[in-house]
Amino acid sequence: MSVPVDPDRETARRMLVEELGKPAYRDSKGILQRVIEWIGKRLADLASLGGDLSATWIAITVMAVVLLIAAIALVVAGPVRRRRAAQTVGGVLARDDVRTAAQIRASSDAATANGDLALATVERFRAIVRSLEERALLDEVPSRTAEEAAADAGAFFPTHATAILDAARLFDAVLYGHRPVDAPGLARVVALDSALAQTRPLRSHDDAPGAPLVSLGRTGAQP
């Protein structure tokens with residue numbers, strides 16, 4: 001914005017209003033709104049003084065106020081945006097979601113058949129987490145985020161830890177970031193689900209990481 005060397009009071013007032021109207025100053029409305037209201041009152045006071053203040057002093061006042069608002073926006077709006085972003089990520093499974101892993105997989109397959117790859121991907125990752133809960137590897141914690149689940153699961157499946165984390169981040173990106181997902185992306189999560197189901201979890205340092213899961217001869221008796 002080009003600033004006249006000696007703007008009159010009306011020009012200075014317009015400059016300030018235009019500056020405060022920029023989107024950068026809208027994120028922290030609670031504090032900034034009070035500052036803006038205070039500035040408005042001060043501008044009214046300046047107008048009532050008539051010619052007692054020079055145009056130069058008015059311009060200096062306007063620029064000082066703009067710098068003050070910008071500083072507040074940087075200090076307050078940044079944390080607000082980060083806090084809002086953090087609040088957008090929720091748990092993988094809702095508290096009232098009592099479906100089994102098999103049921104969630106069926107939901108994922110149905111979504112795939114309907115061409116809804118986003119829902120299919122989200123449901124498949126939920127199936128992974130529920131399956132690990134059924135195998136008593138993860139506690140049932142409704143508030144657990146995808147990355148928290150990945151960190152816990154990765155300890156049991158170190159050879160698949162990177163793939164689990166990638167799937168968790170894809171889950172968040174699709175569900176909370178509304179990112180589109182393609183068939184290869186879904187296929188990777190489906191393959192991970194199958195791989196984990198066939199891999200023996202690492203329960204101690206004596207276990208061989210990533211060893212194939214040996215059936216115990218009874219459905220549901222696999223660790």
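These legends go with four close-up views of a predicted model. Residues count from 1 along each chain as its sequence is written, and side-chain values use heavy atoms, leaving out hydrogens and water. Local features need pLDDT of at least 70 and side-chain atom pairs pLDDT 80 or more, while totals for chains, interfaces and linings use all residues.

**View 1. Helix 5 packs against helix 7.** Helices here are DSSP runs (H or I, at least four residues), numbered from the N terminus. The two axes, lines fitted to C-alpha atoms over the stretch in contact, sit 9 Å apart at about 135°, on a scale from 0 to 180 degrees between N-to-C directions. That makes the pair oblique (not under 35, over 145 or from 65 to 115 degrees).

**View 2. Who meets whom between helix 5 and helix 7?** From helix 5, Ala118, Thr121, Val122, Phe125 and Arg126 join in. Their partners in helix 7 include Ile164, Phe171 and Leu175. Contact means heavy atoms within 4.5 Å.

**View 3. Glu133 is tucked into helix 5 (residues 117-134) as a buried residue.** Its relative accessible area is 9% (buried is under 20%, exposed over 50%, partly exposed in between, using a 1.4 Å probe and protein chains only). Among the residues Glu133 touches, beyond those up to four places away in sequence, are Leu93, Val141 and Arg144.

**View 4. Two loop residues, Ala136 and His178, have positive phi values.** Ala136, between helix 5 and helix 6, has phi near 60° and is exposed at 61%. His178, between helix 7 and helix 8, has phi near 55° and is exposed at 67%.

Conventions. Helix = DSSP H or I, 4+ residues; strand = E, 2+ residues; numbered from the N terminus.
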